[in-house]
Protein chains: 2
Amino acid sequence: MSLVPPPESETELLSRARSMSGCSLGELAARLGENVPETLLRNKGWVGQLLERYLGATAGALAEPDFQAIAVELKTLPLSKRGLPLESTYVCTVPLEQGIGQTWESSWARGKLSRVLWVPLEADKTIPLAQRCIGSAFLWSPDENEEQQLRQDWEELMEMVCTGQLEKINARLGTAMQIRPKAANASVLGHAIGTEGERIVSNPKGFYLRTSFTRKILGQHYMLSEG
Amino acid sequence: MSLVPPPESETELLSRARSMSGCSLGELAARLGENVPETLLRNKGWVGQLLERYLGATAGALAEPDFQAIAVELKTLPLSKRGLPLESTYVCTVPLEQGIGQTWESSWARGKLSRVLWVPLEADKTIPLAQRCIGSAFLWSPDENEEQQLRQDWEELMEMVCTGQLEKINARLGTAMQIRPKAANASVLGHAIGTEGERIVSNPKGFYLRTSFTRKILGQHYMLSEG
DNA sequence: GAGGATCCATGCGTGGATCCTG
DNA sequence: CAGGATCCACGCATGGATCCTC
């Protein structure tokens, strides 16, 4: 499945990621012998999966970091034509029934976010997909402030999930991380906890990082790396 | 022309203004024996002029405060359905040829803004004009910070006007007050100063208070009057 | 043409909906 | 159905254009 062996260190991963800098998606696909779809409309995950293959990610659809051996998660960072993050970033599925007893420290969300390789990518829709350039990747871990923000959002939201207030949750809650629907469509249903503790049906939910949060991450990276 | 005598003190003006609170534009027009237009589309100044007549404003089209005797300017403050100022506020015409030698202290803009009666007004377009309610009017003068902001904007903008940089001016300049076109249409022309000091043609310009600035004014008024 | 202003087209932000792969 | 994400409709913001009266 992976044509490329997984990286054995962060340094190796970052080096391989940097070898994509300035490269277009068309070139990258060509290196892997793949075709570029005309549009992402019916293939929204294509870019992420292309990068996974190029970089030798291992986890596939598992609830594990993309690079298991070195515990690093891969995330693309779609940029507007002004160079700013354009979309929220999916983190992981919200445990609608298994959340009770979990803590931030033990949570899937914290595991995913503790070490991330961000790969900036041109995402302006006026640029044909094959011509969009890959930027300079960087490794990130939350600093103390970010960790506190994420923890607080996670704790407040999971408190609601676990106490039957799921239906009160909307994407306006959470300063850095929010909960949003996550499914093929609204007819996909799972189970959750109701007001009286009973099982109710609900559509699946995901944790997402707000665009404002990833903008800060990118901005701080520029500050640190340039001046 | 004025059915109503001009107020002789701020107290009298404010009292008369407060007698409109909660009143609809339809009711107010009825008190004056006037008809309400169906829409402001071809009568954008109607509300302001209705209020002038009801309150006994005297200046008409002069470059003078609306209430000359007590040196108070009248401004409507159109509010969105959430109760926030919705549009920028016209202050006065920009002196495109007569600006040299003027100072902020002697300026028309400062004269207009030194004492203002703000009249909040429902302005959501889904509410028929006659049904829009008038809010609780209040008197305002710029505090020290506001005065500094206005002065700085005025000085920076007039510097450009006087040094032939008029064409570099756009509505993005100025933190509290901006310069924008002010004419029946783009074919209306006046004179201004060119790069080399020569006379050039230009369309007329006005000073406007940004919506963000009048939002702060309203917010501070609520803070002071309620808690 | 100064004074009373709002209109409107365009762009940005974003919450909820949706799409494909393995 | 978890993981890879983007799409898109709608609301807000606002810069430049415009309208009437006197």
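Which residues is A:E73 in contact with, leaving aside its neighbours within four places in sequence? Here are some friendly notes, bearing in mind that this is a predicted model.

1. Setting that local sequence aside, the contacts of A:E73 are A:E64, A:P65, A:D66, A:K112, A:R115, A:V116 and A:L117. Of these residues, A:D66 deserves a second look: its backbone nitrogen is reached by the side chain of A:E73 at 3.5 Å.

2. Is A:E73 buried or exposed? Its relative accessible area is 4%, and because the cut-off for buried is under 20%, A:E73 counts as buried. The residue belongs to strand β1 of chain A, which covers residues 73-79.

3. Now for the sheet around that strand. In chain A, 3 strands make up an open sheet with mixed pairing, ordered β1-β3-β4. At its edges are β1 and β4 (138-140) of chain A, each pairing on one side only. From one strand to the next, the twist averages 35°.

4. The pairing of β1(A) with strand β3 of chain A (residues 116-122) is parallel and runs over 7 bridges. If you would like a place to start viewing, try A:P78, which has A:L121 of β3(A) opposite it.

5. Two helices are worth displaying together with the sheet. Helix α1 of chain A (residues 10-18) lies across β3 and β4 of chain A, at about 140° to β4(A). Helix α6 of chain A (residues 211-226) lies across β1, β3 and β4 of chain A, and runs at about 115° to β4(A). The strand that holds A:E73, β1 of chain A, is thus among those that helix α6 of chain A lies across.

Key: Residues numbered from 1 in each chain as written. Chains lettered and ligands numbered in written order. Predicted model: local features only at pLDDT ≥ 70, side-chain atom pairs only at ≥ 80, totals over all residues. Heavy atoms only, no water. Helix = DSSP H or I, 4+ residues; strand = E, 2+ residues; numbered from the N terminus. Buried < 20%, exposed > 50% of the residue type's maximum accessible area, 1.4 Å probe, protein only. Polar contact = N/O pair within 3.5 Å; in protein donor to acceptor, adjacent residues only side chain to side chain. Contact = heavy atoms within 4.5 Å. Pairing = 2+ DSSP bridges. Axes fitted to C-alpha atoms, helices over the stretch in contact; angles between N-to-C directions.
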